[in-house]
Amino acid sequence: QSDSMEEGAKFISFQQLEMSSIERGDVSIAMTGDAFDLLVYLLQDDLDSLTARVLLSRAVVFARMSPQQKQKLIEFLRLDERLMVGFCGDGANDCGALKAAHVGLSLSPAEASAAAPFTSSSPSIRSMVTLVREGRAALASTMSSFKFMAMYSLVQSISVLWLYQSNSTLSDAQFLWIDMFLILPF
């Protein structure tokens, strides 16, 4: 046990795990590729079972996995509709997982960048935080633009239809007034 571990943390083997402690959230799991293969084998390739979902949802570290294991893990995690799965990779062995993830970020301008939708010039996983932040900002600005266009169309349509009822139309100054004082504040 290292000095950097949390107080009270301990290592236990897979056989010592009790499902009740995992379901309660008392356990965080670090899983290697071999342990992932064992889980897949024991569950007879049924990663959609409750046991697999509980175990993999408590895993906080996945390490030393083959390219096929990474891709299978990402595909499994994508089955949960509540999750958005991101994956950072830096080599050709990460291409399958980069493509399978909702958000794939290549940390190298080399071969993995061809498979990933996003490429970082920095080899740090902090780039994923920046990518998520900018993605959220893009979504917010897109939604704001949509709201603006919808409000503008609604106000223009209602005012023009109302005026057509009385056989009238808006002048250029009135259109400008609507644009400046009714639409822009929203």
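**Reading rings and helices in a predicted model**

User: How is Phe148 classed by exposure, and what is its relative accessible area?

Analyst: Phe148 has a relative accessible area of 38%, so it is partly exposed, given that buried means under 20%, exposed means over 50% and partly exposed lies in between, with a 1.4 Å probe and protein chains only. This is a predicted model, in which local features need pLDDT of at least 70 and side-chain atom pairs count only at pLDDT 80 or more, while totals for chains, interfaces and linings use all residues. Residues are numbered from 1 along each chain as its sequence is written, and side-chain values use heavy atoms, with hydrogens and water left out.

User: How many aromatic pairs does a search of the whole structure find, and how do I read such a pair?

Analyst: A pair of aromatic rings is described by the distance of the centres and the angle of the planes. Here the search of the whole structure finds one pair. The ring centres of Phe148 and Tyr152 are 6.2 Å apart and the planes stand at 25°, so the pair is stacked; rings of Phe, Tyr and Trp (its six-membered ring) pair if their centres lie within 6.5 Å, and planes under 30 degrees apart count as stacked, over 60 as edge-to-face and the rest as tilted. Both residues lie in helix α6 (residues 126–165), four residues apart, about one turn of the helix. Tyr152 is partly exposed as well, with a relative accessible area of 30%.

User: Is Ser127, which is found in helix α6, buried or exposed, and which residues is it in contact with?

Analyst: Ser127 is buried, with a relative accessible area of 12%. Leaving aside neighbours within four places in sequence, Ser127 is in contact (heavy atoms within 4.5 Å) with Leu105, Leu107, Ser120 and Ser122.

User: How do helices α2 and α4 pack, in angle and distance?

Analyst: Two packed helices are described by the angle between their axes and the distance between the axes. Helix α2 (residues 33–42) packs on helix α4 (residues 67–79) at about 60°, with the axes 10 Å apart; axes are lines fitted to C-alpha atoms, for helices over the stretch in contact, and angles run from 0 to 180 degrees between N-to-C directions. That makes α2 oblique to α4, since angles under 35 degrees count as roughly parallel, over 145 as roughly antiparallel, 65 to 115 as roughly perpendicular and the rest as oblique.

User: Which residues of α2 and α4 meet?

Analyst: Gly33, Asp34, Phe36, Asp37 and Val40 in α2 meet Gln69, Lys72 and Leu73 in α4.

Conventions:
Helices (H or I, at least four residues) and strands (E, at least two) are DSSP runs, numbered from the N terminus.
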